[in-house]
Amino acid sequence: MMDLSWISALAPWLLTRETALLLVGGFVVGIFSVIIGGGFFISIPLLQFLFPSVSYGAIVGNLKVGSFFRGIGSTITNRKEIDWLGNLLWSVPLVIGTVLGVMVIAHLHQRWMLPAIIAAIALSEPAPWLAKHITKGSFQAASLATGAYAGFLGAGIGIILVALFRLKHPAVERIAHVKIQARFIEWLICIVAVIAHYFHGNLILALWLVWSVGSFAGGLVGGVLLEKLGAMPGKKSVLRLAYLIAIAGALLPFLNWGRGKG
């Protein structure tokens, strides 16, 4: 049986400065995710710094809970425009892929975060180009692969989901409808990932609860700022800076490992 004693060991620690850092971090990342996108590239290194002993799966799983709460607002806001039954049926390969992805990473060491981050960057950068090459013939395979990536990490997945939906609704004037459905599907597979991580014992109440409160508040503030300020110039440059932060965070386990061996 899996040893979960490290969860109770972490709980008292979270009642001090780590609680404040999680709350502030969730708030800032929530704003960043709404205005810029790619919040996972900022939040992962923060959790790696705060919790160097937990697994790769625990970091991703607890961050998914924050994403779940952040997605509640958009789902409630757009509930009348969501094709609930159609999206649930369409999501079957995505759900299967998500569960498989979570199974792979559930108990991996944090050192696996480095290749995962590099793979996520390699996917995020050409994502608009890749999206244009998804055809009706490759739709099911692309859906399964997208779901697996959602369970594996999921950073920047929104672009691929929009592309998949455009195959169903190719008319340009329906792009707003497509984005609403894509956001709902992203939220749906986030729920699946959270459930899968729960059964793998990766969710830490004292961690995800504080992080989710900050994320939810940041998502609300980010939505207001986005409405008032409009599109932010230089988004791509800021996102690439986030890539560098994520890579730096992914190197931390190797530094700690080297000290331990020394």
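Here are two short exercises, with worked solutions, on the surface and the interior of this predicted model.

**Exercise 1. The nonpolar patch**

Find which residues make the nonpolar surface patch and which helices supply at least two of them, then decide how Val 213 counts in terms of exposure.

*Solution.*

1. Start with the members: Leu 23, Val 24, Phe 27, Val 28, Leu 205, Leu 209, Val 213 and Val 221 make a nonpolar surface patch of about 650 Å².
2. Next, look at the helices. At least two residues of the patch come from helix 2 (17–35), and at least two from helix 12 (205–229).
3. Now pick out Val 213, which sits in helix 12. Its relative accessibility is 47%. Buried means under 20% and exposed means over 50%, so Val 213 counts as partly exposed.

**Exercise 2. The enclosed space**

Work out how many cavities of 30 Å³ or more there are, what volume the largest cavity has, and which residues line it.

*Solution.*

1. A helpful idea to begin with: rolling a probe the size of a water molecule over the atoms reveals where empty space remains.
2. Counting gives one cavity of 30 Å³ or more. The largest cavity has a volume of about 40 Å³.
3. Its lining consists of Val 29, Phe 40, Ser 43, Leu 63, Gly 66, Ser 67, Arg 70 and Trp 211.
4. Helix 3 (40–50) and helix 4 (56–77) are the elements that give two or more residues to this lining. Helix 4 has the largest share, with four residues.
5. Finally, sort the lining by chemistry: four residues are nonpolar, three are polar and one is charged.

Note on methods:
Residues are numbered from 1 along each chain as its sequence is written. This is a predicted model: local features need pLDDT of at least 70, side-chain atom pairs count only at pLDDT 80 or more; totals for chains, interfaces and linings use all residues. Side-chain values use heavy atoms; hydrogens and water are left out. Patches are made of residues with over 30% relative accessible area and no salt bridge: like charges are joined within 9 Å, nonpolar side chains (Val, Leu, Ile, Met, Phe, Trp, Tyr) within 5 Å. Accessible areas come from the Shrake-Rupley method with a 1.4 Å probe; for residues, only the protein chains shown count as cover. A salt bridge is a side-chain nitrogen of Lys or Arg within 4 Å of a carboxyl oxygen of Asp or Glu. Buried means under 20% relative accessible area, exposed over 50%, partly exposed in between (1.4 Å probe, protein chains only). On a 1 Å grid over the protein atoms alone, a cavity is a set of points where a 1.4 Å probe fits but cannot get out, and a pocket is an open set with protein on both sides within 12 Å along at least five of seven lines; lining residues have an atom within 4 Å of a point. Grid points are joined across faces, edges and corners, and a volume is the space filled by probe spheres set on the points. Ala, Val, Leu, Ile, Met, Phe, Trp, Tyr, Cys and Pro count as nonpolar, Asp, Glu, Lys and Arg as charged, and the others, Gly among them, as polar.
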